[in-house]
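Keep the model open beside you and try each exercise before reading its solution. The solutions go one step at a time, so feel free to pause and look.

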Amino acid sequence: MYSVKLASVSKVCYLHVGLHKTASSSFQVTCAKNKDLLQKFGLTYPLFSCEAAKKFRLANHSYPMKSLYLENPADFSHNQRWGVANKIDEVNSSYESQFGHCLASSDNLIISGEEISKLKEQEISRLIEKIQAYDYRLEVIALVRSPYSAICSSIQQVIKG
């Protein structure tokens with residue numbers, strides 16, 4: 001499957017691949033609101049920006065991670081919805097710079113995005129390689145909900161919408 005470097009790595013990247021309807025958005029908002037407190041404990045929770053779409057302080061890392069690691073990022077629904085599919089090189093260059101800065105300057109890192117769980121094997125491998133290239137040990141976190149609870153949550157979301 002996937003191999004994780006276990007050399008003398010002291011930094012940890014917590015990769016939260018929260019499946020849909022498992023309170024991922026709540027986790028992301030809470031981390032973003034408490035990013036200074038997390039930093040005091042040596043944890044970086046980055047907020048990304050997509051200037052081309054005028055989207056700032058993105059707490060959901062699905063957007064940059066999928067855009068960076070999908071085989072066809074212009075086809076990513078958020079890139080299309082935000083009207084940046086035709087500027088994908090510019091968008092991904094910015095995401096790459098932001099992600100690289102986080103990886104280079106952080107002791108421990110939290111990356112969270114429910115869409116990360118939908119990446120194909122070769123796409124997730126590229127993400128893992130990028131993280132490990134900066135000497136992080138990877139800890140993957142995935143929450144799963146009971147089917148009944150997930151259906152109830154989905155129905156509530158439809159009603160709210």
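The exercises below concern a predicted model.

**Exercise 1. Get an overview of the fold.**
Task: State how many helices and strands the protein chain has, and the pattern they follow along the sequence.

Solution.
- Step 1. Start with the count: the protein chain has seven helices and six strands.
- Step 2. Then read along the sequence, where the pattern is β-α-α-β-β-β-α-α-α-β-α-β-α.

**Exercise 2. Judge the overall dimensions.**
Task: Compare the radius of gyration of the protein chain with the value for a compact globule of 161 residues.

Solution.
- Step 1. A compact globule with 161 residues would have a radius of gyration near 15 Å.
- Step 2. The protein chain has 16 Å, which agrees with that value.
- Step 3. For the outline, take the box along the principal axes: the C-alpha atoms fill roughly 50 × 40 × 35 Å.
- Step 4. Now turn to the contacts. Among those with a separation of 6 or more, 75% are between residues 24 or more positions apart.
- Step 5. Finish with burial and surface. Of the 161 residues, 47% count as buried, and the chain exposes about 9,200 Å², of which carbon and sulfur atoms supply 53%.

**Exercise 3. Work out the sheet.**
Task: Find the order of the four strands in the open sheet, and say which strands stand at its edges.

Solution.
- Step 1. Begin with β1 (residues 11-16) and β5, which pair in the parallel sense over four bridges.
- Step 2. Look for another partner of β1: strand β6 (residues 136-141) pairs with β1, again in the parallel sense, over six bridges.
- Step 3. Look for another partner of β5: strand β2 (residues 43-44) runs parallel to β5 and is joined to it by two bridges.
- Step 4. Put the pairs together, and the order is β2-β5-β1-β6, with parallel pairing.
- Step 5. β2 and β6 each have a single partner strand, so one side of each is left without a neighbour in the sheet.

**Exercise 4. Find the residues that face each other across the strands.**
Task: Which residues stand opposite Leu 15 in β5 and in β6?

Solution.
- Step 1. On the β5 side, Leu 15 stands opposite Ile 111.
- Step 2. On the β6 side, Leu 15 stands opposite Val 140.
- Step 3. Extend the register with other residues. Cys 13 stands opposite Leu 109 in β5, and Leu 109 is also the bridge partner of Thr 44.
- Step 4. Toward β6, the bridge partner of His 16 is Ile 141.

**Exercise 5. Decide how well β5 is covered.**
Task: Is strand β5 (residues 108-112) largely enclosed or largely open?

Solution.
- Step 1. Sort the side chains by direction: Asn 108, Ile 110 and Ser 112 point one way, while Leu 109 and Ile 111 point the other way.
- Step 2. Check burial on both sides, and all of these residues turn out to be buried.
- Step 3. Five of the five residues are buried, so β5 is largely enclosed by the rest of the structure.
- Step 4. Take the neighbouring strand β1 as well: β1 is mostly covered, with five of its six residues buried.

**Exercise 6. Look at a helix residue and its surroundings.**
Task: Is Gln 28 buried or exposed, and which residues beyond its neighbours within four places in sequence are in contact with Gln 28?

Solution.
- Step 1. Locate Gln 28 in helix α1 (residues 24-33).
- Step 2. Apply the cut-off: buried means under 20% relative accessible area. Gln 28 has 3%, so Gln 28 is buried.
- Step 3. List the contacts: Tyr 45, Ala 59, Asn 60, Ser 112, Gly 113 and Glu 114.
- Step 4. Notice Ser 112 in that list, a buried residue of β5.

**Exercise 7. Check two backbone angles.**
Task: Lys 54 and Arg 57 have a positive phi; where does each lie, and is each buried or exposed?

Solution.
- Step 1. The phi of Lys 54 is about 55°, although Lys 54 is not a glycine.
- Step 2. Lys 54 sits in the loop between β3 (48-50) and β4 (55-58), and is exposed with a relative accessible area of 66%.
- Step 3. Arg 57, also not a glycine, has a positive phi of about 55°.
- Step 4. Arg 57 lies in strand β4 and counts as exposed at 58% relative accessibility.

Note on methods
Residues numbered from 1 in each chain as written. Predicted model: local features only at pLDDT ≥ 70, side-chain atom pairs only at ≥ 80, totals over all residues. Heavy atoms only, no water. Buried < 20%, exposed > 50% of the residue type's maximum accessible area, 1.4 Å probe, protein only. Pairing = 2+ DSSP bridges. Rg over C-alpha atoms; globule rule 2.2 N^0.38 Å. Contact = heavy atoms within 4.5 Å. Areas by Shrake-Rupley, 256 points an atom, 1.4 Å probe, with all protein chains shown as cover.
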